[in-house]
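I wanted a friendly walk through this fold before going back to the bench. Here are my notes on what I looked up.

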Amino acid sequence: MEKERLNNVLDKMADCQVNNLLVTDPSSIDYLINYHTDPGERLLALLIPLEGQPTLILNKLFPEYIDPSETIHQIHYSDGEDIISTISKLLHPGLTGIDKVWPSHFLLDLMTKRQDIDYCNGSLIIDQIRSIKTPAEIEKMLDASHRNDQAVGRLIDLLPQALSETEMTEKLATIYQELDCDGFSFEPIVAYGANAADPHHVTDQSKPQPGQCVVLDIGSSRHGYCSDMTRTVFFEEVSDEDRHVYETVLKANLAAIEQVKPGVSFASIDKAARSVIEEAGYGQYFTHRTGHSIGRDVHEYGDVGPFNQDLVQVGNTFSIEPGIYIPGRIGVRIEDLVVVTKDGCKVLNDYPKELKIIKKDR
């Protein structure tokens, strides 16, 4: 698998006339050669030349890399050592691709040492390869999403206790442990009432009050792949207007999912959701893109937004998460993950989306 992925990278490098690719994103390195560590402030890099042997550059404090194929050269360096000089001597003349996530102080040092070569953003080469999920990857994402469905169900079952947002988040951490997940894939959002009008609300000590919405945006990782979903329910009761808001978001969610198939643009999927919300008179309250790509990272290259004219391909995996956010009053978001198939798409989440009213324990 690793050899095939490296060959795919070399093919794209040739197409883009890139002679050196310096991969420094830990997720991409893990994807390519099955090695993962968090480098912190230290340098971690996989140098892939168009011609020659790839080189993995590791600090001596990093975990050992066992190369089953014995095709990856390794360089180990110590703190304080001028590792950039070592890297600069390995670069062939010609265009060199640099990861978008590489700290600028490393790049600036390298550019000073090798002023004879041109540099470009090389992330797109691997991003495009990673965006097409294999059947094995899709199975892992299905598993992660299935567990997330169970997690949101168990979290909703706790709502009758009227726990605070922070308490709900603490309970969720335990739920993920019990479901054999590997922790949060992002900081979960639990938002009651007006708090939910902020799409990225930070949980606080608020407790649910009658008539309030409850937004639960949660995700975990499992075997290296992320889940992400949102469900909105109501506490004790729901007004007619809030019910209309909810039904509008649900209609937008379903319209966008219906639009997904190979060959359509990501922008057209966003439009399918956005048009529903605009026609209902809430257009100004849908303040973000319809979705984002997901896989090893919860946010990967490519979004479902109004400016992305890229065409959808089989194997793309992304979220569909329209929302309406009315400041000071209510927020509603409904999110599923989908994977593109040859005939349309498969929804990875199956937790119900019909409006729920949760009653408080008496």
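**Entry 1, the sheet.** I traced the strands in this predicted model and found an open sheet of six, ordered S4-S3-S2-S1-S5-S6, with mixed pairing. At the edges sit strand S4 (73-77) and strand S6 (119-121), each pairing on one side only. I also looked up the twist: neighbouring strands of this sheet are turned by 20° against each other on average, with direction ignored.

**Entry 2, one strand pair.** I picked strand S2 (residues 45-49) and strand S3 (residues 55-59), which pair in the antiparallel sense over three bridges. Which residue in S3 is the bridge partner of Ala45? I found Ile57 there.

**Entry 3, helices on the sheet.** Helix H2 (residues 26-33) packs on the sheet and touches strand S1 (20-23), S2 and S3. I noted that the direction of H2 makes about 55° with that of S2. Next I checked helix H5 (residues 123-130), which lies across S1, strand S5 (96-98) and S6. H5 runs at about 70° to S1.

**Entry 4, backbone angles.** Which phi does Asp180 have, positive or negative? I read a positive phi of about 60°, although Asp180 is not a glycine. I located Asp180 in the loop between helix H7 (165-178) and strand S7 (189-192). Asp180 counts as partly exposed because its relative accessible area is 47%, which falls between the 20% and 50% cut-offs.

His223 went into my notebook too: His223 is not a glycine, yet has a positive phi of about 55°. I found His223 in the loop between strand S9 (221-222) and strand S10 (225-226).

Conventions: Residues numbered from 1 in each chain as written. Predicted model: local features only at pLDDT ≥ 70, side-chain atom pairs only at ≥ 80, totals over all residues. Heavy atoms only, no water. Buried < 20%, exposed > 50% of the residue type's maximum accessible area, 1.4 Å probe, protein only. Pairing = 2+ DSSP bridges. Axes fitted to C-alpha atoms, helices over the stretch in contact; angles between N-to-C directions. Contact = heavy atoms within 4.5 Å.
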